[in-house]
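Reader: Please present the model under discussion. I should then like to examine how its helices and sheets are arranged.

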Amino acid sequence: MPDSLQTTGIAATADSTSDADLLAQTAIAVRAAGAALRERYGDVVPYRTREELMRALAANDDVALDILRPRLALLRPDAQVVEDELAGGALPPGEWWVLDPAEGNVNHLHALPDWAVTATLVRDNQPVLTAVHLPLTGETYTALAGAGAHLDGRPLHVSGTTDLGLSLVATSQARPDEDETVVRRVGSSITAMLFGALVVRTSVPATLHLLNVAAGRIDAFWQFAGARADLLPGALLVAEAGGRISDAEGRPWTPESESFLAAAPGVHTEAVTTLSR
């Protein structure tokens with residue numbers, strides 16, 4: 001088992017052959033859901049109230065979920081589905097599908113390209129496999145615990161950067177209505193990284209930044225607060241691509257943690273130090 005998995009609590013499954021087949025079918029499911037969302041993509045969707053916004057977001061979610069739920073139920077009849085994509089914390093024992101049917105849903109409504117469909121299987125609170133599809137590019141990122149991370153079948157590797165001052169780093173907003181303490185912590189962390197890193201990117205959704213960390217395009221990503229559906233897919237991808245996962249203080253990360261950091265090994269310690277200032 002890779003060291004990155006041992007140190008983050010992301011454990012490999014013993015039944016790697018059947019899980020590999022399951023991952024292939026999961027990738028087909030997220031591609032199908034992505035195709036349906038792509039048909040709805042184009043013009044900016046207007047809304048004047050929070051209620052209208054929530055209806056528009058729910059409409060996209062429902063289109064994707066109507067495809068994902070029956071397909072995944074056939075693959076794993078006993079697995080349950082996490083209903084609240086914004087929820088965090090530990091899950092009950094057993095198998096759970098953690099889905100974000102329209103990750104970056106607000107971007108989709110605003111005709112921005114940064115959105116995806118994700119499906120992650122969690123077994124006894126350990127992510128086993130994940131598939132993330134980007135409908136506008138046609139790319140599918142996959143990871144299987146203990147078997148690596150891939151982009152359309154090609155292995156992914158985090159960057160070899162060893163100097164935070166030469167690093168491109170990123171952060172994201174976990175949700176629109178964070179409390180003041182979290183918002184101020186986000187702001188101070190961005191300021192610290194503006195002094196410590198080469199360039200800082202700030203945008204949603206988290207998953208797309210984490211794909212870039214796994215692919216070696218970005219050297220580190222951090223976030224305060226967050227939901228399982230935001231972070232589990234990218235955490236598994238980055239870990240399987242050789243990256244380090246922790247909270248912002250360098251402690252092992254779990255879905256119950258109050259912060260999250262994914263980084264290339266060469267800059268992880270420096271990133272922790274910078275975020276702790």
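Reader: How many residues of H6 are buried?

Author: Helices (H or I, at least four residues) and strands (E, at least two) are DSSP runs, numbered from the N terminus. The model is predicted: local features need pLDDT of at least 70, side-chain atom pairs count only at pLDDT 80 or more, and totals for chains, interfaces and linings use all residues. Residues are numbered from 1 along each chain as its sequence is written, and side-chain values use heavy atoms, with hydrogens and water left out. Buried stands for under 20% relative accessible area (1.4 Å probe, protein chains only), and H6 is mostly covered, the buried count being nine of its nine residues.

Reader: Which residue just after H6 takes a positive phi?

Author: The buried residues in H6 include His-209, Asn-212 and Ala-214. Just after this helix, a positive phi of about 80 degrees is taken by Gly-216.

Reader: What is the strand order of the open sheet of five strands?

Author: Two strands pair if DSSP finds at least two bridges between them. In this sheet the pairing is mixed, and strand E9 (199-202) and strand E11 (244-246) are the edges, each pairing on one side only. The twist averages 15 degrees from one strand to the next. The order is E9-E8-E10-E12-E11.

Reader: Which residue in E10 stands opposite Ala-170?

Author: Strand E8 (residues 168-171) is parallel to strand E10 (residues 220-224), with three bridges in the pairing. Opposite Ala-170 stands Phe-221.

Reader: What angle does the direction of H7 make with that of E11?

Author: Contact denotes heavy atoms within 4.5 Å. Axes are lines fitted to C-alpha atoms, for helices over the stretch in contact, and angles run from 0 to 180 degrees between N-to-C directions. H6 packs on the five-stranded sheet, touching E8, E9, E10 and strand E12 (259-263), and its direction makes about 155 degrees with that of E10. H7 also packs on that sheet, touching E10, E11 and E12, and with E11 its direction makes an angle of about 145 degrees.

Reader: What is the bridge partner of Val-132 in E5?

Author: An open sheet of seven strands, with mixed pairing, follows the order E1-E2-E3-E4-E5-E6-E7. Within it, strand E4 (residues 126-134) and strand E5 (residues 139-144) run antiparallel and are joined by six bridges. Val-132 has as its bridge partner Tyr-141.

Reader: At what angle to E4 does helix H6 run?

Author: Helix H6 (residues 206-214) lies across strand E2 (95-103), strand E3 (116-123), E4 and E5. Its angle to E4 is about 100 degrees.

Definitions and conventions:
Buried < 20%, exposed > 50% of the residue type's maximum accessible area, 1.4 Å probe, protein only.
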